[in-house]
Amino acid sequence: MSTATTTKDAGDLEFEAPRAGELAALLVSAERPPRPGAWSASLPFGWRAMLKIKHVPEQLFDVTAFPIMMVLMYTYLFGGAIAGSVDAYIQFLLPGILTMSVVMITMYTGVAVNNDISKGVFDRFRTLPIWRPAPMVGYLLGDVVRYLIASVVMLAVGLIIGYRPDGGPVGIVLGIAVLMVFSFAFSWIWTMFGLLLRTEKSVMGVSMMVIFPMTFLSNVFVDPRTMPGWLQAFVNNSPVTHVSTAVRELMAGNWPAADIAWSLGWSAVLVVVFGTVTMRLYNRK
């Protein structure tokens, strides 16, 4: 019995050896599959960001409850004092508060990046034979979906309480498109901080210090012409002001060419500067 088993095992080995050799020769001679491109490498990481929301639905709080609270609070708090009525003020406020809220939400990108670094996930990403910025771009693509959800929620609330965009669906789509481009570019700032700082709390603290002056010192709530001259100079040249004006005018049915150009120009600068710094930190982290 033992001899038969040994013979059978030996025969199996003699039979399997050529198959293994043929397989090795086939693998060596066959052409390697093409390396995935930038888009195809980034999409799986964007889908990964979406799966995180599926498993931790509490992440949707900042793109649902927070925008609703912002619209209702500022509309009814300032409407009567600034414009005389809520109906009048919501026409000016909604595009601005939409811009402000989405820009504020972008800081969670840095928190997510920092969290993955602390867990060692990025060590695995760097070993993959893919386009190097793919993990970062994937994060931001996933976050763009969150920005779109927040925009839809805020617009729905605004329409319910009296907002009426004269630009119609086309103006709304164009306004949101400009906001999405800027938000995608602005998020690169937080990827840099996510790689640079040690903890999630540090990322949140620094993000707040940057976001609050940029969003509140803008034309989100009031016309800058009512401000002191020195403050007007800052507000009128703020990137958030240009984006807010572009969104507001597009939704009103106008074509603010200068503000659109400024918004896209700022977006390009943010991607070039902070995207470059982010990738250098990512490669050395």
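Hi everyone, let's start with the whole chain: 43% of its 285 residues count as buried. Please keep in mind that this is a predicted model.

What does the secondary structure come to? There are 12 helices and 0 strands in the protein chain, so reading from the N terminus you meet α-α-α-α-α-α-α-α-α-α-α-α. As for the surface, the chain exposes about 14,900 Å², and carbon and sulfur atoms supply 69% of that area. Now the contacts: if we take those in the chain with a separation of 6 or more, 79% come from residues 24 or more positions apart.

Let me show you one helix pair. In general, two packed helices are described by the angle between their axes and the distance between the axes. Our pair is α4, residues 86–105, and α9, residues 200–216; they pack at about 170 degrees, with the axes 10 Å apart. Angles over 145 degrees count as roughly antiparallel, and α4 and α9 are therefore roughly antiparallel to each other.

Which residues make the contact? From α4 we have Met100, Val103 and Met104, and from α9 we have Ile211, Phe212, Thr215 and Phe216. Sorted by class, that contact holds 6 nonpolar residues, 1 polar residue and no charged ones.

One last stop, Pro169, which sits in helix α8, residues 168–196. Is Pro169 buried or exposed? Its relative accessibility is 66%, so Pro169 counts as exposed, the cut-off being over 50%. Along the chain, Pro169 and Met251 are 82 residues apart, while 8.3 Å separates their C-alpha atoms.

That's my tour, thanks for listening!

Note on methods. Residues are numbered from 1 along each chain as its sequence is written. This is a predicted model: local features need pLDDT of at least 70, side-chain atom pairs count only at pLDDT 80 or more; totals for chains, interfaces and linings use all residues. Side-chain values use heavy atoms; hydrogens and water are left out. Axes are lines fitted to C-alpha atoms, for helices over the stretch in contact, and angles run from 0 to 180 degrees between N-to-C directions. Helices (H or I, at least four residues) and strands (E, at least two) are DSSP runs, numbered from the N terminus. Angles under 35 degrees count as roughly parallel, over 145 as roughly antiparallel, 65 to 115 as roughly perpendicular and the rest as oblique. Contact means heavy atoms within 4.5 Å. Ala, Val, Leu, Ile, Met, Phe, Trp, Tyr, Cys and Pro count as nonpolar, Asp, Glu, Lys and Arg as charged, and the others, Gly among them, as polar. Buried means under 20% relative accessible area, exposed over 50%, partly exposed in between (1.4 Å probe, protein chains only). Accessible areas come from the Shrake-Rupley method with a 1.4 Å probe; for residues, only the protein chains shown count as cover.
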